[in-house]
Amino acid sequence: MTNDPDPRLRVDPQASFGGHRLRRVALAVFGIGALLFTLIVLGYNLSNQIDELQSEPGDNAQWVLSQIEVELGRFEAVLVEATLSPRPLLESVRQRFDIFYSRVEVLESGRLGQVLRALEGTEPTLDELNAFLARHVDAIDGPDGALYTRIPTMREDLSALRPTVRALALDGITHFALLAEARRKEIYDQTILTGAVAGFLIIALMSAITILTRQMARVAAQDAEIRQTERLMSSTVASSIDPIIVADEAGRVVSFNDAATQVFGYTPEEIIGRPMEQSIVPLHHREAHKAGMTRFLKTGQRHLVDQGRKEMTALRKSGEEFPIEISITAVERQSSTIFIAYVRDISERVAAARVLTTARDAAREADRAKSKFLAIMSHELRTPLNGILGMLDLMRGTGLTTKQSEYVKAATRSGEVLLHHVGDVLDLTQVQDGRMKLASKGFSLTVLLKDVVFENRGAAEGRNNTLTADIAEDVPDRMIGDPNRIRQVLSNLVSNAIKFTEHGSIAITVEVQTRTEERVTLCFDVTDDGIGIPEDHQRRVFDEFVTLDAGFDRKSGGTGLGLAICRQLVSLMGGKIAVESFPGSGSRFYFTTPLRIETATTQKPRSDTPPPEVTGAFRVLVVEDNETNRLVLHEMLEAIGVQHEEAVDGAQGVRKSAESAYDLILMDVSMPNMDGIEATRRIRNGSGPNAGTRIIGLTAHAGPETQHKLFEAGMDSCVVKPIRYDRLSAVINDVASSAPPVGLSAGPIDIEQFFELREQVGDGVIGDVVARFLFELSQFMEELEEMDAVDEERWATSAHRLAGSAAVFGATKLQGVLARLETAGSFDGMTAVRPEVTDAAQETSVALADISGLTKV
Amino acid sequence: MWIGTGHIVKTLGRQIRQGVATVLLLGMASQGASAEPLPAPADEVLLTVRGVLGVTNGDGMARFDRAMLETLPQQTVETSTIWTEGVNTFRGVSLKTLLDALQTEGTHIRATALNDYSVTIPFSDAVEGGPILATRLNEKTLSKRSKGPIWIVYPYDSRAEYRTETIYARSIWQLDRIEILDQ
C-alpha cells in the first residue's frame, strides 16, 4: 500500500508561488498607498492654492491703483475749482486731500501693500506721492489763508504726478494680468496633475478591484470545489462497505461510518467523543495502544501508522473480541494530527482459513496415510512375490521337462504381471505425488524399439496379431532421455493394442515432429486395426481405472491404470498423448516427447557390462531375516559364483561384520529387533573391518524417503526387492570392478562421491565450493536454532534444498538426517529431529573441512 | 478769546447733548422697538442712515456723531487685514447691533464712502461675530487719512469665508452714509 496521502490533502505546491504573490500584493498596496499619498498632498496643495486665490487681493490691488488715479483726478478737479472760487471749497480740498492721502497709504502697508510694491514702479511712485503729501500736509492742516495761497502750487505738483500714477496703473494691469495668468496656469497644471494622479489612482484601484474580484471568484470556485470534494469524500466514507474510523490525537473517535456501526455495534452518537481505548480496543491491547499513540505523537515513529495492513483484534459493543485487518494513516492538520483507520472484519476469513487449514492437514494426513499404506502394501506384496519369482527363476535352471518348463514360464509370467500391477500402482502414486524423477541418459532408439517388440511379440502372436516397428529415416538414433519410461509407455500402448485386436496388425512408428540442432520432438505412433474405441469413451480413456470392459466378464484384464500412467509419464517428459479411433476399424495412440540428440560430446563411454560370472575371492555377507528370501539370495549367489555368508538378523549381521571383512554386504532393511538401517549404522560407526565396506540395502520400500534413510544410515546404494538375478550379478560386477573401498571410516562423508566432485570441479575450486556449502550449512543451523512454530513448509523446503547440496558433496549422513527433517511433517516432529541434524551438521562440517584441505590453512 | 469761548460753549453743548443722546440711545437700544425718536447728533455727523427706519432723528434719516456711535454697545475685533500689518484690535458697533437699534426692515444696505465708493452688503452679513463699523484702531481714533472715521471691518481671521474678494470689497472705509434697501 503506498503511503502517498490524497493529493488534495497535500500542502499546496503553489505555496512558493504564494510567496511571490505576497510580494506582489505588498508592492501593489505600496503603490496604491504612494499614489494616494501623492494625491492627498497634491489635493492639499491645490486646495491651498485655491484658498490663496480666493483670498488673494489681486483684483483689489488693481482697484487700488486705479483708485489712486481717480482720486488724484478728483483732487485735481477740486483744486481747479478752488482756484476759481476759493472760499466755500476749502473743506472739499481738505476732504479730497485726506481721501487722496488714505489712498496712497494703502500702498504702504498690509499684504495689499506688499502685492503692490511687487510692481517695479510702485516704490518710486510711492516716494513721489509721499513727497507731495509731505510737502502740502501742513498747508492742509493749517489756516484757510495759507491753504488758499498754496492751492496753485498744489495743483501743479499734482498735475506733475498724474503721468506717473497713470503709468503705474497701466503697469499694474499688465503685471496683475500676467500674475493672474501665471496663477491660473499654475492652478491649471496643479489641477491636471492632481487629476492625473487621481486618474492613476482610480485605475490602480479599479485594477485592484478587478484582481480582487477575480480572486474572490477563484476563491469561491475553490470553495465550491472543496465543498464538492468534501461531499464526495463524506459520501465515499459513508457508503464504504468496510468501517472507516477517524480519531484525534487523544484517541477520541471523531467519525464513525455506517459500516463501522454495523461491524462494531456502536451508533455514532454512542462512540463519537469517547476514546478508542474505552470502546473498540480490546482490554489486553489497551496499554500498547496508548503507548503506541503517545510514541507516535512524540517521536513520529511509525509502528502501525502508514505501515500498511496489520492484523489484530477489536472489541464489539457486545463484548465479543474478533479479528480485524486494519490500515492506519495519519494526516497532519494545522495544529493537530488525525488518524484515519480502515478496518475490515476478517472473522469470516479467519474462520474460513482455519477450516481450510484443518481440511488441508486432514488431506495431508490422509495422503500420508495412503502413502504409508501403499508402501506397506507394496512391501507386503513384493516380499512374497520376491519369493515366488525367485523360486521360479531357480526352478528354470533345475532341468525341467518341457511341460514343467512351460508351467514355470506361465507362472513366471503371471508373477511378473502381478509385479507389474503392483509396480503400476506405486508408479502412479509416485508420479501423482510428483516424486518420480526422470532419468537422463543416452540410449539407442533402435534398441528401445527392439526391446518393445521383443517384450510384446509373444502376446501379439498369442492373438494372431502382427507386430511391426518402423523408424522414419530422418530420426536420429542416439538420444538422451529416460529410455525406461519411454519403453514403459510404448509397451503399454502396444500391449493395449494387442489386447483389443485379434487377427490384426499393430504397427509402431517413430517420426520427427520438430527438430533443431540439438533437440528433436519425436512422435511415437501405435496403430492397430482392432475393435476401436467408442467416441464417448475416447475422452475418458486416459483417466484412472477406466477400461473398455469394466463389467464382471472382463475379457481383456488390466487395472485401467496403464493409460493413466502413460499420460502422467508423457506429460512429465514434456510431451502430449492422444488417441484417434473409429469403432470397428481400429485405434491410433500417439504421443510426442522432446528429447535431446546425443552428440559426440554428450556421449558417455558405454561401459559394456560383461555378462556375469565373477571369479576371485569375492565375499558377500547376506543379512536377511526372511528365510525364503535368504534362500533365493543364496542360490543366486551360488549361481554367480561368489562366496557368501548369511546373517539372520541385524544383530548377527553386525557381529559377523565385526569378525571378518567382506567385499559386499547385502543388507535387508526391514528386519525385526535390529533393522537394516540400525545394523548398517552400527557397522559404519564401529571400527570393524567392514566399516567401509560397500553395503547395499535390499528394500521393498522404493520411495525417496526410504532411500534417504538408507543413505543416512550409511548404505551406499539400495536395490528394490524383489531382486532379480541379473540385477544382482550386475551389482556384484559393479562392486568387484570399481576401486577398492576406502579402508578408513569416512564417517559422515561418502568419500567416493566427494572425490568425484573434486575431479569435476578441480582441485583449485573444491575449497571454495566446500567453504560455500559450509557457510550455507552454518546459516541453516543458525536459523534452525531459532525455528518457530509457524512455517513448516519453509523448513521442509530448506531442508530439501540443503539435502540436495549435501548429496553433491557426498555428505550422506547429513543428507539422510535432512531428509527426515523435511518429512517430519509437524513442528514437534522437526524439533525431535533437530538435535540429530545439529550433530550431523557438526560432524559433516569438520569432516568436509578436513577432507577438502580447508583446515590445513 | 471769543474763539475760545465759542469753542468752550460748543464743547459743553456737545457734551450735554452727548449725555442726553447716550441715555436716550441706551434706553432705546435696550428697549428695542420703541417709537421714540433718535436723539439729534451734537457733533460732526459721521454717519447718515436713510431708508425704512423705525428710529429717526429728522427728515426720516438717522444721523450719528462719534459719541452716538461709540455709546452703542461696542464690539472688538482682533484680526489681521490685507491693508494692515500684524494683528490689530478694531473697536466699533457691530452692524447687527446698529441695524437692530434702527429697527429697520430690509434686505441690503448700500454703504457709500466719502469718495463716493459704494458697496451693497446683505442683511445676512449682519450677524453676531460679523462685521463691525470700526471707529477705533488699537484704541486710537481712526483718522480720515487712514481709512477713518468709520471702516467696516470683518473678523477676517475668524473665518475663511471672510477672506474673499467680495468681503474685501464690502470692507468699505471712510464710510459716510448707509441706505437701507429692500429688494
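The following paragraphs describe helix faces, salt bridges and a charged surface patch in a predicted model. Local features need pLDDT of at least 70 and side-chain atom pairs count only at pLDDT 80 or more, while totals for chains, interfaces and linings use all residues. Residues are numbered from 1 along each chain as its sequence is written, chains are lettered from A in the order in which they are written, and side-chain values use heavy atoms, leaving out hydrogens and water.

Two helices of chain A serve as a starting point; helices are DSSP runs of H or I with at least four residues, numbered from the N terminus. In α4 (residues 110-117) of chain A, the buried residues are G110(A), L112(A), G113(A), V115(A) and L116(A). They lie on the same side of α4(A), because they cover an arc of only 160° around the axis. Helix α18 (residues 676-685) of chain A buries G676(A), I677(A), A679(A), T680(A), I683(A) and R684(A). These fall within an arc of 165° seen down the axis of α18(A), so they line one face of the helix. Buried means under 20% relative accessible area, exposed over 50%, and partly exposed in between (1.4 Å probe, protein chains only); the arc is that of the directions from the helix axis to the C-beta atoms.

Salt bridges (a side-chain nitrogen of Lys or Arg within 4 Å of a carboxyl oxygen of Asp or Glu) number 49 over all chains. One of them joins D451(A) and R487(A), at 3.1 Å from N to O. This pair links helix α12 (residues 445-462), which holds D451(A), to helix α13 (residues 483-499), which holds R487(A), across 36 residues of chain A. D451(A) is partly exposed at 30% relative accessible area, whereas R487(A) counts as buried at 18%.

A further salt bridge connects R820(A) with E712(A), whose closest N and O atoms are 3.8 Å apart. Since R820(A) lies in α24 (residues 812-822) and E712(A) in α19 (residues 704-713) of chain A, the pair ties together parts 108 residues apart in sequence. E712(A) is buried, with 10% relative accessibility. Both residues belong to one network of salt bridges with shared partners, which also includes E678(A), R681(A), R682(A) and E836(A).

On the surface, R21(A), R24(A), R214(A) and R218(A) form a positive patch. Helices α1 (15-55) and α6 (144-239) of chain A each give two or more residues to the patch. R24(A), located in α1 of chain A, is exposed at 57% relative accessible area. Such a patch takes residues with over 30% relative accessible area and no salt bridge, like charges being joined within 9 Å.

Key: Patch = residues over 30% accessible without salt bridge, like charges linked within 9 Å, V, L, I, M, F, W, Y side chains within 5 Å. Areas by Shrake-Rupley, 256 points an atom, 1.4 Å probe, with all protein chains shown as cover. Lys, Arg positive; Asp, Glu negative; His and termini not counted. Charge placed at Lys NZ, Arg CZ, Asp CG, Glu CD.
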